[in-house]
Amino acid sequence: MRAFLRVDDDAVVSPESAQSAFQTSMLVSSIRCTLTYVILPFIAPLIGVAASIGEPLGIAVALIAMVSITFSMRRFFGSDHPKRWQYAAVASVMFCFLIYLLVNDVIGVLT
């Protein structure tokens with residue numbers, strides 16, 4: 001996994017740094033979920049924001065979330081964190097879900 005994530009074997013990453021990267025990744029994911037499932041479908045129409053901003057905003061936030069997940073996985077494996085494989089499983093599911101949402105948003109923009 002270290003080779004796949006391009007983590008240098010000599011790199012020393014503290015567990016605190018890995019935890020911080022994880023927290024950032026979770027924050028980005030929670031913002032994406034809040035935008036996607038609360039603000040855009042319910043609040044945006046109430047305040048008169050055009051629905052056409054939903055897909056481009058979803059694309060941007062999904063890409064940021066994917067970068068954040070990758071960054072945090074690199075930190076977890078770089079620090080040899082004891083929970084790195086558990087996080088890798090959860091992060092992989094989240095990453096696949098983000099790919100699905102990203103494809104749907106791109107299709108929405110193109111149609």
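In this predicted model, Phe77 is buried, with a relative accessible area of 2%. That value falls under the 20% limit, so Phe77 counts as buried. Phe77 also takes part in an aromatic pair, and its partner is Trp85. The two rings meet edge-to-face. Their centres lie 4.9 Å apart, and the angle between the planes is 85°.

The structure holds two such aromatic pairs. The other joins Phe76 and Tyr87. A pair of aromatic rings is described by the distance of the centres and the angle of the planes. For Phe76 and Tyr87, the distance is 4.7 Å and the angle is 25°. This pair is therefore stacked, as its angle is under 30 degrees. Phe76 belongs to helix α2, which spans residues 54-78. Tyr87 belongs to helix α3, which spans residues 84-110. The pair therefore ties together parts that are 11 residues apart in sequence. Both Phe76 and Tyr87 are buried.

Tyr87 has further contacts. Beyond four places in sequence, Tyr87 touches Phe22, Ser25, Met26, Ile69, Ser72, Met73 and Phe76. Tyr87 also stands out in the largest nonpolar core, which has 17 residues. Along with Ile69, Met73 and Leu98, Tyr87 touches the most other members of this core. Helices α1 (15-46), α2 and α3 each supply at least two of the core residues. Helix α2 gives the most, with eight residues. In soluble globular proteins, nonpolar side chains tend to be buried together.

Ser72 is one of the residues that Tyr87 touches. Ser72 lies in helix α2. Its relative accessibility is 0%, so Ser72 counts as buried. The side chain of Ser72 reaches the backbone oxygen of Ile69 at 2.9 Å. This distance is within the 3.5 Å limit for a polar contact. Residues up to four places away in sequence aside, Ser72 touches Ala21, Phe22, Ser25 and Tyr87.

Val38 presents another setting. Val38 is placed in helix α1. At 40% relative accessibility, Val38 counts as partly exposed. The value lies between the 20% limit for buried and the 50% limit for exposed, which means that neither of those labels applies to Val38. Leaving aside neighbours within four places in sequence, Val38 is in contact with Cys33 and Ile43. Val38 and Asp80 are 42 residues apart in sequence. In space, their C-alpha atoms are 37 Å apart.

Conventions:
Residues are numbered from 1 along each chain as its sequence is written. This is a predicted model: local features need pLDDT of at least 70, side-chain atom pairs count only at pLDDT 80 or more; totals for chains, interfaces and linings use all residues. Side-chain values use heavy atoms; hydrogens and water are left out. Rings of Phe, Tyr and Trp (its six-membered ring) pair if their centres lie within 6.5 Å; planes under 30 degrees apart count as stacked, over 60 as edge-to-face and the rest as tilted. Helices (H or I, at least four residues) and strands (E, at least two) are DSSP runs, numbered from the N terminus. Buried means under 20% relative accessible area, exposed over 50%, partly exposed in between (1.4 Å probe, protein chains only). A polar contact is a pair of N or O atoms within 3.5 Å; within protein, one must be able to donate a hydrogen and the other to accept it, and residues adjacent in sequence count only if both atoms are side-chain atoms. Contact means heavy atoms within 4.5 Å. A nonpolar core is a set of buried Ala, Val, Leu, Ile, Met, Phe, Trp, Tyr and Cys residues joined through side-chain atoms within 4.5 Å.
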